[in-house]
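Thanks for coming. I will go through one structure today, strand by strand where that helps, and then turn to a few local details.

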Amino acid sequence: MIGNDFEDADGQMGSDNNRGIGKMTKQKKLIIGILAVVLICALGLLAPSLFSFMNPQPESTGANEAAEIFGSANVFLSIEIPVSRYSPLMSSVPGMPFRAICTDADEIRFATDAGEFLSWAAPDYKVQHQTAEYTIAPGDTVYLLPESSANPSAAPRTVTASAFADGREIGRAVIVLGYDGEYYTVQNISVSYFG
């Protein structure tokens, strides 16, 4: 079928067949290209947050002080403390949790000067009272039930996590806990390594 002849706004003669219907001008191509680049960049920036939204991780309360301090490539001992403050009245955990990670260690020995350690894990999630010294495998979690004190200015409590490989201590983290009369918080963390 032959199209109808017409005169466009510029006075040019043409027909319906070559009016530009279905044709893309350079300007349209440029705009679509720019929009595509903007869309790809936006998806690239949003993808990590979309991925974390689809695969939620346990919410951190900002207390991974040890993990942040010791988590660099040149340090091999990491202590994770997933709660920023702990009260014995909390029902979500039986004690203040500590998780030690040391790829070279066979075992992690925890000790405290005030309180006792608890174990609490699958499959039964029963709280097992331990002593002021307790040994776990690297990557496991131990819970500290600190001694309560009516005096908030009492001496700080310390937790020591010593990493052992073949019976020899290869690293040690000392965590100092403060107590304000209601909550225990991490005040200081220091680490030592033994060659």
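I108 has I136 as its bridge partner in β9. The model is a predicted one, so please keep that in mind for everything that follows.

Let me stay with this pair of strands. Strand β6 covers residues 107–112 and pairs with β9 in the antiparallel sense, over 4 bridges. Another bridge between them puts F110 opposite Y134 of β9. β6 also has a partner in strand β11, residues 157–165, where the pairing is again antiparallel and counts 6 bridges. In that pairing, E107 has F164 of β11 as its bridge partner.

The two faces of β6 can be told apart. I108, F110 and T112 make up the covered face, while E107, R109 and A111 make up the uncovered one.

Now the sheet around them. Which order do the strands take? The open sheet of 6 strands runs β4-β13-β12-β11-β6-β9, with antiparallel pairing. Its edges are β4, residues 85–86, and β9, residues 133–136; each has a single partner strand, so one side of each is left without a neighbour in the sheet.

On the edge strand β9 I would like to pick out T135. Is T135 buried or exposed? Neither label fits: T135 is partly exposed, because its relative accessible area is 40%, and the partly exposed class lies between the 20% limit for buried and the 50% limit for exposed. Beyond residues up to four places away in sequence, T135 touches E107, I108 and R109. There is also a distance to report: T135 and A163 are 28 residues apart in sequence, and their C-alpha atoms are 9.8 Å apart in space.

Next, another strand of this sheet. β12 spans residues 168–179, and E169 is found in it. What does the side chain of E169 make polar contacts with? One partner is the side chain of S162, at 3.0 Å. Another is the side chain of R172, at 2.7 Å. Leaving aside neighbours within four places in sequence, E169 is in contact with S162, A163, F164 and F194. F164 has already come up, as the bridge partner of E107.

Before β12 there is a loop, the one between β11 and β12, and D166 is found there. D166 has a positive phi of about 55° and is not a glycine. Most residues other than glycine have a negative phi, and most peptide bonds are trans. D166 counts as exposed because its relative accessibility is 74%, over the 50% cut-off.

On to the other sheet. This open sheet has 5 strands in the order β3-β5-β10-β7-β8, with antiparallel pairing. The strands at its edges are β3, residues 77–80, and β8, residues 128–129, each pairing on one side only. Further in, strand β7, residues 115–119, and strand β10, residues 141–146, pair in the antiparallel sense over 4 bridges. F117 has L144 of β10 as its bridge partner.

The loop between β7 and β8 deserves a stop. P123 is found in this loop, and a cis peptide bond joins A122 and P123, with omega at about 10°. Y125 is placed in the loop between β7 and β8 as well. Y125 is not a glycine, yet its phi is positive, about 50°. In terms of cover, Y125 counts as partly exposed because its relative accessibility is 48%.

Away from the strands, let me turn to helix α1, residues 26–54, which holds I34. Which residues form a nonpolar patch on the surface with I34? They are L30 and V38, and the accessible area of the patch is about 290 Å² together. I34 counts as partly exposed because its relative accessibility is 48%.

To finish, the chain as a whole. It has 195 residues, of which 29% count as buried. The secondary structure comes to 2 helices and 13 strands. Among contacts in the chain with a separation of 6 or more, 51% are between residues 24 or more positions apart. The exposed area is about 12700 Å², and carbon and sulfur atoms supply 56% of it.

How values were computed:
Residues numbered from 1 in each chain as written. Predicted model: local features only at pLDDT ≥ 70, side-chain atom pairs only at ≥ 80, totals over all residues. Heavy atoms only, no water. Buried < 20%, exposed > 50% of the residue type's maximum accessible area, 1.4 Å probe, protein only. Contact = heavy atoms within 4.5 Å. Areas by Shrake-Rupley, 256 points an atom, 1.4 Å probe, with all protein chains shown as cover. Polar contact = N/O pair within 3.5 Å; in protein donor to acceptor, adjacent residues only side chain to side chain. Pairing = 2+ DSSP bridges. Patch = residues over 30% accessible without salt bridge, like charges linked within 9 Å, V, L, I, M, F, W, Y side chains within 5 Å. Salt bridge = Lys/Arg side-chain N within 4 Å of Asp/Glu carboxyl O.
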